[in-house]
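Please open the model in your viewer and keep the selection tool at hand. The stops below say what to select next and what is there.

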Amino acid sequence: MAEIVLTAFLQVLFDKLTSPKLEEYELWLGAKKELEELESTLSTIAAVLDDAEERQVKDKAVRNWLMKLKDAVYDADAVLDEFATKALQQKVKSQDHTNRWVSSFLQVPNSVALHVKMGSMIKEINKRLNAIALERVNFHFREGIRDVEKEDNECRQTHSFVIESEVFGREKDKAEIVDMLIGWGNGEDLSVIPIVGMGGIGKTTLAQLAFNDVKVKDSFKLRMWVCVSEDFDVPRLTKAIIEAATKERCDLLGMDLLQTRLRERLAGEKFLLVLDDVWSEDYEKWDRLRTLLRGGAKGSKIIVTSRSTGVAAIMGSLPTCYLARLSDDDCWTLFRKRAFGNGGAEQTPRMVAIGKEIVKKCGGIPLAIKTLGSLMRSRREEREWLYVKDNELWRLPQERDGILPALRISYNHLPSYLKRCFAYCAVFPKDYDINKERLIQMWMAEGLVEPSDAAEQLEDVGNNYFNYLLWRSFFQVAEEDEDGSIVSCKIHDLMHDLAQFVAGVECSILRQAQGRSSQKELVTYRWSATQEC
Ligand SMILES: Nc1ncnc2c1ncn2[C@@H]1O[C@H](COP(=O)(O)OP(=O)(O)O)[C@@H](O)[C@H]1O
Ligand SMILES: [Mg+2]
């Protein structure tokens, strides 16, 4: 697992090895030769890593080689951390001879013994990594298959692009939903319309189209949107519905108060509620929520979106809308608009032919097409398009780990520092509104933002990273201010799965304590992602 993150992780090791802080330590001098050798071996290996990561999909020997490499690299990281700690302890000791208490507290070992111990540990790691580097020759990997420098330049530019939100090929589905919302079940207290389809196919988008339709707005004075996600917790949902209805924060505690407040707000109103992304097939929980939602005017409706037909069967009372894959023509239009023109790739017959092959591999899923469309926009050469089309990662079935191949390929094409910034986002819960400024501050606090020269402001670099990830569809816009500046973003749940996958299993997730996480909770969180996968 998590082999994808190796490239990003190697970068972390390089950063540690080349950190100017290291040279401040006396201990460094003793192990200088070994550390330089480590750095050189790692760069030899890093040069072939992209090819290796692709080939491991069908080649077991490559996969084993990568596993061995991963173990050695993690051990190297642990040794370097120990080295830095010991070196720091020695520095404190040498600066404070008089303070015996500090020395005994830190248990600073004898410096000669320490030199020998650390030197031999790094030698041992070097031996392992050298053997792995030698083995790579047997695989005849291609070196530096991606133009990393070019990618670097791409995302260091400021993107003043317009984010396309055009929706293709859902006119009929939208008309059906709007028709049901307005014309059906008007004698009933409450009817439920389920929208079902696989992840990334456009359920949320379709629900948004219906929610914002003029006729629907006219017909329902009160419209509320609530993201349910994996945890169908009735008190949390009740609170979220109250907040959506009143557009104010709700701090009421206890079901009695929540229930009374909700009833007051819904009384006599014809409302439309969207429950987006429901997973729970627990009938009792649904029944509790439905009871709480009684009391509105006749003709009130709920739209439920879900990947599960079971959810539709439990909750639905009107016909289910099964969302199909986008048609070939619509897929192509979506891809073409993103990949070509206006600074993108040139639409030659050859590129169109390759582009159509790439689109075919996306299986009619708009999220995959959109993501690859923006990747291809930044790749203008035919050889780069062929490289994506023939990528081995397409062969990896999504069932293996739930990750869409198109998203994995797109992630692989990020420069390593953006891989880390994206993987970091796994700490947010699913469907969380991520405040842009705060996210950039968090990246900065973790040392993930690297200016290319001293004159660059960290905030500006962080801002470019954010825009680039948005442009490449890793993020989606959640909220804009009156001037159209982005205030917050969201991560699609399939993208979130990818972030968690690359960050590793033990990455902790910020829980939304009773609704929203406070700023303090977010900032005090310690990121442990790449170190622990
Ligand atoms: N018909 C469409 N045309 C263009 N883009 C679409 C279409 N449907 C979905 N998308 C885009 O694909 C992505 C995933 O869609 P979403 O509605 O979130 O999927 P789901 O809710 O089924 O997981 C979003 O970025 C959305 O803008
Ligand atoms: Mg959705």
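Begin with helices α17 and α18, which are oblique to each other, because angles under 35 degrees count as roughly parallel, over 145 as roughly antiparallel, 65 to 115 as roughly perpendicular and the rest as oblique. This is a predicted model, in which local features need pLDDT of at least 70 and side-chain atom pairs count only at pLDDT 80 or more, while totals for chains, interfaces and linings use all residues. Residues are numbered from 1 along each chain as its sequence is written, chains are lettered from A and ligands numbered from 1 in the order in which they are written, and side-chain values use heavy atoms, with hydrogens and water left out.

Select residues 328-339 for α17 and residues 349-361 for α18, and you will see the two helices packed at an angle of about 120°, with their axes 10 Å apart. The axes are lines fitted to C-alpha atoms, for helices over the stretch in contact, and angles run from 0 to 180 degrees between N-to-C directions. Helices here are DSSP runs (H or I, at least four residues), as are strands (E, at least two), numbered from the N terminus.

Now show the side chains at this packing site, where Cys 331, Trp 332 and Phe 335 of α17 meet Val 352, Gly 355, Lys 356, Ile 358 and Val 359 of α18, a contact being heavy atoms within 4.5 Å. These residues divide into six nonpolar, one polar and one charged, where Ala, Val, Leu, Ile, Met, Phe, Trp, Tyr, Cys and Pro count as nonpolar, Asp, Glu, Lys and Arg as charged, and the others, Gly among them, as polar.

Stay on α17 and select Lys 337 together with Glu 166, whose side chains meet in a salt bridge at 3.5 Å, N to O; the term covers a side-chain nitrogen of Lys or Arg within 4 Å of a carboxyl oxygen of Asp or Glu. Lys 337 lies in helix α17 and Glu 166 in the loop between α9 (148-156) and α10 (171-183), so the pair ties together parts that are 171 residues apart in sequence. Lys 337 counts as partly exposed at 33% relative accessibility, and Glu 166 counts as partly exposed at 42%; buried means under 20% relative accessible area, exposed over 50% and partly exposed in between (1.4 Å probe, protein chains only).

Next, go to α18 and select Arg 350 with Glu 382, a salt bridge of 2.9 Å, N to O. This pair links distant parts of the chain, with Glu 382 in helix α20 (residues 382-389) and Arg 350 in helix α18, 32 residues apart. Glu 382 is partly exposed at 33% relative accessibility, and Arg 350 is partly exposed at 46%.

Which residues should you select to see a network of salt bridges? Choose Asp 51, Arg 55 and Arg 142, which are linked in such a network.

Two backbone positions come next. Lys 247, in the loop between α13 (234-246) and α14 (255-266), has a positive phi near 60° in a residue other than glycine, and Lys 247 is exposed at 70% relative accessibility. Asp 277, in strand β3 (residues 271-278), has a positive phi of about 65° although it is not a glycine, and Asp 277 is buried at 9% relative accessible area.

Finally, zoom out to the chain, which holds 28 helices and eight strands. Of its 533 residues, 51% count as buried, and a search of the whole structure finds 22 salt bridges.
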